Amino acid sequence: QVQLVESGGGLVQPGGSLRLSCAASGRIFSIYTMGWYRQAPGMQRELVAAITSLGRTNYADSVKGRFTISRDNAKNTVYLQMNSLKPEDTAVYYCNADLIVTMTSPVLNYWGQGTQVTVSS
């Protein structure tokens, strides 16, 4: 079984920083795109940032210039460095990955359990 385990969430004051990590484990042959999504109360889940296996990145307009996504392919881990945090960044942040478990298997999509980020004074 494949698992995505997030860590690094918490409470931070406006203007502060947090770094989220997500480690994928289990039977994994190769991971393609990894990404971070977030969902605030009463809102739909939205893409925050994504990164391909070759390092190409994509960001939501609301986080450009403040958040940075990166990954360590050797560790099957993706990171989200969040700077200049705002109250509107408050949400549950979810890790997501497209991967294959064998050379011939179809691409499967997995989600982590989520980690709470709260930006408040």
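**Figure 1. Tyr94 and the aromatic cluster.** Tyr94 is buried, at a relative accessible area of 14%; buried means under 20% relative accessible area, exposed over 50%, and partly exposed in between, with a 1.4 Å probe and protein chains only. This is a predicted model, in which local features need pLDDT of at least 70 and side-chain atom pairs count only at pLDDT 80 or more, while totals for chains, interfaces and linings use all residues. Residues are numbered from 1 along each chain as its sequence is written, and side-chain values use heavy atoms, with hydrogens and water left out. Tyr94 belongs to one aromatic cluster together with Tyr37 and Trp111.

**Figure 2. The two aromatic pairs.** The structure holds two aromatic pairs. Rings of Phe, Tyr and Trp (its six-membered ring) pair if their centres lie within 6.5 Å; planes under 30 degrees apart count as stacked, over 60 as edge-to-face and the rest as tilted. Tyr37 and Trp111 pair edge-to-face, at 4.9 Å centre to centre and 65° between the planes. This pair links distant parts of the chain, since Tyr37 is in strand β4 and Trp111 in strand β10 (residues 108-111), 74 residues apart. Strands (E, at least two residues) and helices (H or I, at least four) are DSSP runs, numbered from the N terminus. Tyr37 is partly exposed, at 23% relative accessibility, and Trp111 is partly exposed too, with a relative accessible area of 38%. Tyr94 and Trp111 also form an edge-to-face pair, with 6.4 Å centre to centre and 85° between the planes. Tyr94 lies in strand β9 and Trp111 in strand β10, so this pair ties together parts that are 17 residues apart in sequence.

**Figure 3. Arg45 over two rings.** A charge sits over a ring if NZ of Lys or CZ of Arg is within 6 Å of the ring centre and within 35 degrees of the ring normal. The charged end of Arg45 sits over the ring of Tyr94, 3.7 Å from its centre. The charged end of Arg45 also sits over the ring of Trp111, 4.6 Å from that ring's centre.

**Figure 4. The largest nonpolar core and Tyr93.** A nonpolar core is a set of buried Ala, Val, Leu, Ile, Met, Phe, Trp, Tyr and Cys residues joined through side-chain atoms within 4.5 Å. The largest one has 31 residues, of which Trp36, Leu80, Met82 and Tyr93 touch the most other members. Two or more residues each come from β3, β4 (30-39), β5 (46-51), β7 (67-72), β8 (77-82), β9 (91-100) and β11 (115-119). Strand β9 gives the most to this core, with five residues. Neighbours within four places in sequence aside, the contacts of Tyr93 include Glu6, Leu20, Trp36, Val48, Phe67, Leu80, Met82 and Val117; contact means heavy atoms within 4.5 Å.

**Figure 5. The open sheet and its edge strand β1.** Four strands form an open sheet in the order β1-β3-β8-β7, with antiparallel pairing. Two strands pair if DSSP finds at least two bridges between them. Strands β1 and β7 stand at the edges, each with a single partner strand, so one side of each is left without a neighbour in the sheet. Neighbouring strands of this sheet are turned by 15° against each other on average, direction ignored; axes are lines fitted to C-alpha atoms, for helices over the stretch in contact, and angles run from 0 to 180 degrees between N-to-C directions. Five bridges join β1 to the antiparallel strand β3 (residues 18-25). In β3, Ser21 is the bridge partner of Ser7, and Ala24 is the bridge partner of Leu4. Side chains alternate along β1 (residues 3-7): Leu4 and Glu6 point to one face and are buried, whereas Gln3, Val5 and Ser7 point to the other and are not.

**Figure 6. Strand β11 and its partners.** Strand β11 pairs with β2 (residues 10-12) in the parallel sense over three bridges, and Thr118 in β11 is the bridge partner of Leu11. Strand β11 runs antiparallel to β9, to which three bridges join it; here Tyr93 stands opposite Thr115. The side chains of β11 alternate, with Thr115, Val117 and Val119 buried on one face, while Gln116 and Thr118 point to the other and are not buried.

**Figure 7. Lys86 in its loop.** Lys86 is found in the loop between β8 and β9 and is partly exposed, with a relative accessible area of 35%. Leaving aside neighbours within four places in sequence, Lys86 is in contact with Arg66 and Val119. The C-alpha atoms of Lys86 and Ser120 are separated by 8.0 Å, with their positions 34 residues apart along the chain.
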